[in-house]
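Here is a short set of exercises to try with the model open beside you. Attempt each task before reading its solution.

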Amino acid sequence: RSGALAATSVQTITYAEDTSDFPNPERGFYRQFAPFWKDTSRSPLDATQLALYRSEGISLFRGYYVIDEFRDAPLTSQMLAELSADFAAVRQAGIKIIPRFAYNYPTSDAEMFAAIDASEARVRGHIQQLAPVLQANADVIAFVEVGFIGAWGEWHHSSNHLLNDDHSVNASSAAVMQELLSAVPTRRAMRVDPLIVLR
């Protein structure tokens, strides 16, 4: 009986080629503003603009948050509220965000070598503050870029020695990574920059 049932339930489906652009959740090209937060300048995300990206077949937005004004201070409740509002706009538009946080955004090689990040304690404190916002918005996060350390948050040229001289991970950067693993929702992934040397 099982063989007969299997034989009668088999169907052949022929798919037609489709060369049109269509949204592929958590895959494909993304739009970004880099950076759209810097110093005390804030550019809140607009759900209407994000929805236009969706209509173009783009389902991802990369949010580059430069939080340089908090190198020596905790994140403020206003900053966390603005971040939550960005996530709400992403949700309303029907897309997902790839967030990255950094303490600088160099625009030249000279600026790169002079870029300042934050201390291990400050970075870990910021991640702890961000954790509830990330957890509450897991549904609109595609994945989280590791960020925070070094120039552009790319884990090189750390002014606070959060990496070894050859840019490999040391005890401080390992602690930051562990803090991030605790903060990012378990059903979301983290992207580790290919420049990071794990030893």
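**Exercise 1. The chain as a whole**

Task: Find what share of the 199 residues counts as buried, and how many helices and strands the chain has.

Solution: Start with burial. In this predicted model, 43% of the chain's 199 residues count as buried. Next, go through the secondary structure: the chain has six helices and six strands. Finally, write down their order along the sequence, which gives the pattern α-β-β-α-β-α-β-α-α-β-α-β.

**Exercise 2. One helix, two sides**

Task: Work out which residues of helix H2 (residues 47–55) are buried and which on its other side are exposed.

Solution: Step one is to list the buried residues of H2, and these are Ala47, Leu50 and Tyr53. Step two is to look down the axis of H2: the buried residues fall within an arc of 110°, so they line one face of the helix. A general rule helps here: an α-helix has 3.6 residues a turn, so residues three or four places apart point the same way. Step three is to turn to the other side of H2, where Thr48 and Ser55 are exposed.

Now inspect the two ends. At the start of H2, Asp46 brings a side-chain oxygen to within 2.7 Å of the backbone nitrogen of Thr48. Just after H2 comes Gly57, which has a positive phi of about 95°.

**Exercise 3. Two helices crossing**

Task: Describe how H2 and helix H3 (residues 77–93) are placed: at what angle do their axes cross, and is the crossing left-handed or right-handed?

Solution: Two packed helices are described by the angle between their axes and the distance between the axes. First take the distance: the axes of H2 and H3 come within 8 Å. Then take the angle, which is roughly 40°. Angles from 35 to 65 degrees fall among those called oblique, so H2 is oblique to H3. Last, the handedness: H2 passes H3 in a right-handed crossing.

**Exercise 4. A cluster of rings**

Task: The structure holds four aromatic pairs. Decide how the rings of Tyr65 and Phe101 are arranged, then do the same for Tyr103 and Phe148.

Solution: Begin with Tyr65 and Phe101. Their ring centres are 5.3 Å apart and their planes make an angle of 20°, a stacked pair. Tyr65 sits in strand E3 (residues 60–66) and Phe101 in strand E4 (residues 96–102), so this pair ties together parts that are 36 residues apart in sequence. Both Tyr65 and Phe101 are buried.

Continue with Tyr103 and Phe148. Here the centres are 6.2 Å apart with 50° between the planes, and the pair is tilted. Tyr103 belongs to the loop between E4 and helix H4 (109–114), and Phe148 to the loop between strand E5 (143–145) and helix H6 (171–183), so the pair ties together parts that are 45 residues apart in sequence. To judge burial, recall that buried means under 20% relative accessible area. Tyr103 has 0% relative accessibility and therefore counts as buried. Phe148, with 1%, is buried too.

To finish, put the pieces together: Tyr65, Phe101, Tyr103 and Phe148 form one aromatic cluster.

**Exercise 5. A buried arginine**

Task: Find out which groups the side chain of Arg100 contacts.

Solution: First locate the residue: Arg100 lies in strand E4. Its relative accessible area is 3%, so Arg100 is buried. Now follow its side chain. One polar contact, of 3.2 Å, joins Arg100 to the side chain of Tyr64. The Arg100 side chain also reaches the backbone oxygen of Trp152, at 2.8 Å.

**Exercise 6. Two histidines in a loop**

Task: For His161 and His167, state whether each is buried, partly exposed or exposed.

Solution: Place them first. His161 lies in the loop between E5 and H6, and His167 is also found in the loop between E5 and H6. Then compare accessibility with the cut-offs: over 50% is exposed, and 20% to 50% is partly exposed. At 58%, His161 is therefore exposed, while His167, at 26%, is partly exposed. As a last step, check the backbone: His161 has a positive phi of about 55° although it is not a glycine, and for His167, likewise not a glycine, phi is near 70°.

How values were computed:
Residues are numbered from 1 along each chain as its sequence is written. This is a predicted model: local features need pLDDT of at least 70, side-chain atom pairs count only at pLDDT 80 or more; totals for chains, interfaces and linings use all residues. Side-chain values use heavy atoms; hydrogens and water are left out. Rings of Phe, Tyr and Trp (its six-membered ring) pair if their centres lie within 6.5 Å; planes under 30 degrees apart count as stacked, over 60 as edge-to-face and the rest as tilted. Helices (H or I, at least four residues) and strands (E, at least two) are DSSP runs, numbered from the N terminus. Buried means under 20% relative accessible area, exposed over 50%, partly exposed in between (1.4 Å probe, protein chains only). The arc is that of the directions from the helix axis to the C-beta atoms. A polar contact is a pair of N or O atoms within 3.5 Å; within protein, one must be able to donate a hydrogen and the other to accept it, and residues adjacent in sequence count only if both atoms are side-chain atoms. Axes are lines fitted to C-alpha atoms, for helices over the stretch in contact, and angles run from 0 to 180 degrees between N-to-C directions. Angles under 35 degrees count as roughly parallel, over 145 as roughly antiparallel, 65 to 115 as roughly perpendicular and the rest as oblique. A crossing is left-handed if the near helix is turned anticlockwise from the far one by less than a right angle, and right-handed if clockwise.
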